[in-house]
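Take a moment to look over the sequence and the model. Then follow along, one step at a time.

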Protein chains: 4
Amino acid sequence: MKIIRAASYQDMSRKAANILSAQVIMKPNCVLGLATGSTPIGTYKQLIEWYEKGDLDFAEVSTVNLDEYRGLSKDDEQSYWHFMHVNLFDHINIDPARVHLPDGTNPDPAAACADYDAVIHDLGGIDLQLLGIGSDGHIAFNEPGAAFELGTHCANLTEDTIEANKRFFARKEDVPRQAYTMGIKTIMQARKILMVANGPKKAAIIKQAFFGPVMPEVPASILQMHPDFTLIGDAEALALI
Amino acid sequence: MKIIRAASYQDMSRKAANILSAQVIMKPNCVLGLATGSTPIGTYKQLIEWYEKGDLDFAEVSTVNLDEYRGLSKDDEQSYWHFMHVNLFDHINIDPARVHLPDGTNPDPAAACADYDAVIHDLGGIDLQLLGIGSDGHIAFNEPGAAFELGTHCANLTEDTIEANKRFFARKEDVPRQAYTMGIKTIMQARKILMVANGPKKAAIIKQAFFGPVMPEVPASILQMHPDFTLIGDAEALALI
Amino acid sequence: MKIIRAASYQDMSRKAANILSAQVIMKPNCVLGLATGSTPIGTYKQLIEWYEKGDLDFAEVSTVNLDEYRGLSKDDEQSYWHFMHVNLFDHINIDPARVHLPDGTNPDPAAACADYDAVIHDLGGIDLQLLGIGSDGHIAFNEPGAAFELGTHCANLTEDTIEANKRFFARKEDVPRQAYTMGIKTIMQARKILMVANGPKKAAIIKQAFFGPVMPEVPASILQMHPDFTLIGDAEALALI
Amino acid sequence: MKIIRAASYQDMSRKAANILSAQVIMKPNCVLGLATGSTPIGTYKQLIEWYEKGDLDFAEVSTVNLDEYRGLSKDDEQSYWHFMHVNLFDHINIDPARVHLPDGTNPDPAAACADYDAVIHDLGGIDLQLLGIGSDGHIAFNEPGAAFELGTHCANLTEDTIEANKRFFARKEDVPRQAYTMGIKTIMQARKILMVANGPKKAAIIKQAFFGPVMPEVPASILQMHPDFTLIGDAEALALI
C-alpha cells in the first residue's frame with residue numbers, strides 16, 4: 001500500500017490523473033476501470049486538459065465502469081453512463097465501442113452480471129482501477145456485510161442512497177433500488193488500484209479500512225491485500241493516519 | 001479456480017508433483033512455498049523419485065515454508081524444519097542456504113515475523129505455494145476468526161492441536177502453544193497456489209470453503225479470489241462438490 | 001543461453017519433453033511452436049508416452065509450426081502437416097482447431113504469410129518454440145544470407161534440399177521448391193526457445209552459431225540475443241564447445 | 001514498431017518526456033537507460049520542469065547510461081558522467097547511488113565491461129531505454145560492422161568522432177580514442193525502447209534502418225525485431241518515411 005498526501009483537491013486530482021495518464025502512455029491499449037461520484041471529477045477534468053494539449057491519446061483505450069443503476073437506460077440523466085459521458089468520454093477521443101458499463105436496462109440480473117463479467121474477462125482484465133470510498137467502507141456497490149462478494153452482482157441500495165437520489169427523479173417509482181456492480185474479486189484482480197479520497201468525512205473510514213482488520217464488514221479493507229494499491233488523499237481525508 | 005479430480009492419494013500426489021516439477025523446470029531459480037502435514041508427503045516422495053531419475057534439478061530453487069512452532073529448534077524432531085528435511089530436503093540437491101522457515105527459536109515474535117516477511121520479500125515473492133487445508137478451513141496457522149491476517153504473525157494453537165501434539169513430547173511444558181505462520185496476504189500474493197486434499201474428513205470444508213461465502217470465519221475461502229488457484233483432491237475429499 | 005548436456009538421443013529427448021511438458025502444465029492454454037525433422041521425433045514420442053500415462057492434457061494447447069512446403073496439401077504425405085499428425089497430433093488430445101501451420105495450398109505467398117503472422121499475433125505470440133538447427137545454421141527455412149528476415153515469408157529451398165526430397169516424389173515437378181516459413185523476428189519473440197541437436201554433423205555449427213559472431217550469415221547465431229534460450233544436445237553435437 | 005510524428009523538436013522532446021515520465025510513475029523503482037548527445041537534451045529539460053512542478057519523483061529510480069569514454073574521469077567536463085549531471089541529474093532528486101555509467105577510469109576494458117554488465121544484471125535489466133541514432137545507423141557506440149555485438153564492450157571511436165572531439169581537449173593526446181559501450185543484446189533486452197531523432201541529417205538513416213534489411217552493417221536495424229520499440233521524430237527526421 002502506498003499513500004500519497006496531496007495538498008488539496010486539485011493536487012489530488014492532478015496526482016491521480018498523472019497515474020492514469022502514465023498507464024495510457026505506457027500501454028495505449030490498456031483497460032481502465034473507472035468510477036463515478038464527485039471525487040473523481042477533478043481527475044477527469046485534468047485528463048481532458050492533457051488530452052487537449054496533445055499529451056494523451058485514448059483511441060485504443062478500453063474502459064469498464066464499476067457499476068450502473070438497474071433500470072436506468074443510457075439516455076437517463078441519472079445513469080452512470082450519462083455521468084461518464086458528460087464528465088469524460090464526450091471530451092476525449094475514446095472509441096465508443098470500447099466503453100463498457102453494466103447494462104442497466106437488462107431486466108435479468110443474472111444475465112446482466114454474467115455478461116459484464118464476460119466483457120471484463122474478454123478484455124483480459126483491468127490494468128488500472130480507479131476507486132472512491134464510501135464513508136461506510138463500501139467500494140463500488142459492495143456494501144458492508146458478512147462476506148466478500150466475488151464477481152458482478154445485483155446489489156440492493158441502502159435506504160440512505162435511495163433517499164438521497166429521490167431529488168433527481170420526478171416520480172418516486174423511478175428511483176433505482178438496485179445496481180449492477182463489479183464484485184470484490186474483479187476489483188482485486190486489477191493489476192493496479194488507485195483510490196482517491198478527499199474531505200473530512202472520509203478520514204475515519206480511511207483509518208479503519210487501511211489500518212484496521214481486513215473483514216467483510218469493511219469492504220475496502222481487502223485492498224490491504226492488493227500488491228499494487230495506491231491511495232491519494234487530501235490532508236482532511238488523511239488526517240487520522 | 002481449477003479443480004482436478006484424482007483417482008487416489010497416489011494419483012493426487014503425482015498430479016501435484018507434476019505441477020511443482022513444471023515450476024522448477026520452467027524457472028530453475030523459482031521460489032517454492034512448501035507445507036508440512038501428512039497430505040503432501042506423497043507429493044514430496046514423487047519429487048524425490050523424479051529427482052533421482054535426473055528429471056529435476058533443485059540447485060537454484062529457494063523454498064519458504066508456511067510455518068514453524070515457536071520455541072522449537074531445528075534439531076527438534078517435532079520441528080517443521082526437521083519434517084521438511086526428513087521428507088524432502090535431505091533427498092534432493094537443494095542448497096541449504098536457500099531453505100527458509102520461520103525461526104522458531106527467536107523468542108521475540110515481532111522480530112521473528114518481520115524477519116520472515118523480509119526473507120520472502122527479498123526473494124521476490126513466492127512463485128508457487130503448496131497448501132493443505134484443515135477441517136475447519138485453516139491454511140497454515142491462519143485459524144477461523146473475525147478478520148484475515150496479513151503478514152507473518154504469531155498464532156496461538158488451538159487446544160485440539162496442543163492436545164494432539166502431547167504424545168510427541170516427553171514433558172508437557174515442551175509442547176508448543178504457538179507458531180509463527182505466514183499470513184493470508186503473503187499466501188494470496190503467491191503467483192500460483194496449489195492445494196492438495198485427500199480423505200473424507202476434508203469433504204465438508206472443501207464444499208464450504210470453495211463454494212460458500214468468502215469470509216474470515218473460513219480462512220481458505222479467500223482462495224476463491226486468487227487468479228491462479230488449483231485444487232487437487234481425491235474422490236473422497238471432492239465427494240460433496 | 002543455457003546449455004544442457006544429454007547423455008544420448010533418448011536423454012536429450014526426455015529432457016526436451018520435460019520442458020515442453022512443464023510449459024503445458026504451468027499454462028494449459030499455452031502456445032507451442034513446433035518443428036519437424038528427425039531430431040524432435042524422440043521428444044514427441046516422450047510427450048505421447050506421458051500423455052498416455054495421464055500426466056499431460058493438451059485440450060487447451062494451441063500449436064504453430066515453423067513452416068510448410070509451398071504447394072503441398074494437408075493430405076500430401078510429404079507435407080509437414082502430415083508429419084506433425086503422424087508423429088504427435090494423432091496420438092494426443094489436441095483440439096484440431098488449435099493446430100496451425102502455414103497453408104501450403106495458398107498460391108499467393110504474400111497472403112499465405114500475412115495470414116500466418118495474423119494467426120500467431122491473434123494467439124498472443126508463442127510461449128515456447130522448439131527448434132532444430134541445420135548444419136549451415138539455418139533455423140526453420142531462414143537460410144544464411146545478408147540480412148535477418150522478420151515475419152513469415154516464402155523461402156526458396158536450397159538445391160541440396162530439393163535434391164534430397166526428390167526420392168519422396170513420383171514426379172520431378174511435384175518436388176517443392178519453396179516453403180512458407182516463420183521469420184527470425186517471430187521466433188525471437190517467443191517467450192522461451194528450446195533447441196535440440198544431436199549427432200556429430202551438428203558439432204561445428206553449434207560452436208559457430210553460439211560461440212561465434214551474431215550475423216545473418218549464421219541465422220541461428222541471433223539466438224545468442226534471446227533472454228531465455230536453452231540448447232539441449234547430445235555429447236556428439238556438443239563435442240566442440 | 002510504433003512511429004510518432006512530432007511537430008517540432010520541442011514537441012518531440014515533450015512526447016518523449018511523457019513516456020519517460022509514465023515509466024517513472026507506473027514503476028517508481030524502474031531502471032531507465034539513458035543517452036547523451038544533443039537530441040535528448042530537450043527531453044531532459046522537460047523532465048526537470050515536471051519534476052519541479054511536483055509531478056515526478058526520481059527517489060527510487062535507477063539509471064544506466066549507454067556509454068562512457070575510456071580514460072575520462074567523472075570530473076572531466078567531456079565525460080558523459082559530467083554531461084548527464086549537468087543536463088539532468090543535478091536538477092532532480094535522483095539518488096547518486098542509483099546512477100550508473102561505465103567506469104571510464106578503469107584501464108582494464110574486460111573488467112570495466114564485465115562490471116557494467118553485472119550492474120545491469122543485478123538491477124534486473126532495463127525497463128525503458130532511451131536512444132538516439134547516428135547518421136551511419138550506430139546506436140550507443142555500436143558501429144556498423146560484420147556482426148552485432150552482445151554485451152558491454154570497448155569500442156574504437158571512428159576517426160570522424162575523434163576529429164570532432166579534438167576541439168574540446170587542450171592536448172591532442174587527451175582526446176579519447178575508445179569508449180565502453182553497452183552492446184546490442186543489452187539494448188535489445190530492455191523491456192521498452194524509445195528513440196528520439198530530429199533534423200534532416202537523420203532522414204536517410206531512419207528510412208534505411210527501419211524500412212530496410214536487418215543487418216549488422218546498420219546496427220539500429222535490429223530494433224525492428226524489438227517487441228516494444230517507439231520512434232519519435234520531427235518532420236525532418238521522418239521526411240522519407
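This is a predicted model. Start with chains A and D. A rotation of 180 degrees, with 0.0 Å of shift along its axis, lays chain D on chain A at an RMSD of 0.0 Å. That is how a two-fold axis relates two copies. Which residue of chain D has its C-alpha nearest the axis? It is Ala22(D), whose C-alpha lies 2.0 Å from the axis. Now look at the contact residues. Of those in chain D, 100% recur in chain A, so the same surface serves both copies.

Why speak of a shift as well as a rotation? Two copies of a chain are related by a rotation about an axis and a shift along that axis, so both are given.

Next, turn to chains A and B. Here, too, the rotation is 180 degrees, and the shift along the axis is 0.0 Å. Chain A superposes on chain B with an RMSD of 0.0 Å. In chain A, Met215(A) has the C-alpha nearest this axis, 3.7 Å from it. Again the same surface serves both copies: 100% of the contact residues of chain A recur in chain B.

Some pairs do not meet. Chains A and C do not touch. How far apart are their nearest C-alpha atoms? They are 11 Å apart. Chains B and D are not joined by any contact either. Their closest C-alpha atoms also lie 11 Å apart. Contact here requires heavy atoms within 4.5 Å.

Now zoom in on chain A alone. Chain A holds 7 helices and 10 strands. Its radius of gyration is 17 Å, and the globule rule gives 18 Å for 241 residues. The two values are close, so chain A is as compact as a globular protein of that length. Along its principal axes, the C-alpha trace of chain A spans about 40 × 40 × 35 Å.

What share of the residues of chain A is buried? Of its 241 residues, 56% count as buried. Consider the contacts within the chain, too. Take those in chain A with a separation of 6 or more: 80% of them come from residues 24 or more positions apart.

Finish at the surface and the charges. The accessible surface of chain A comes to about 9,800 Å². Carbon and sulfur atoms account for 51% of that surface. Chain A has 21 positive and 31 negative charges. The mean positions of these two sets are 6 Å apart.

Note on methods
Residues are numbered from 1 along each chain as its sequence is written. Chains are lettered from A and ligands numbered from 1 in the order in which they are written. This is a predicted model: local features need pLDDT of at least 70, side-chain atom pairs count only at pLDDT 80 or more; totals for chains, interfaces and linings use all residues. Side-chain values use heavy atoms; hydrogens and water are left out. Helices (H or I, at least four residues) and strands (E, at least two) are DSSP runs, numbered from the N terminus. The radius of gyration is taken over C-alpha atoms; the globule rule is 2.2 Å times the number of residues to the power 0.38. Buried means under 20% relative accessible area, exposed over 50%, partly exposed in between (1.4 Å probe, protein chains only). Accessible areas come from the Shrake-Rupley method with a 1.4 Å probe; for residues, only the protein chains shown count as cover. Lys and Arg count as positive and Asp and Glu as negative; His and the chain ends are not counted. The place of a charge is taken as NZ of Lys, CZ of Arg, CG of Asp or CD of Glu. Copies are superposed by least squares on the C-alpha atoms of residues with pLDDT of at least 70 in both.
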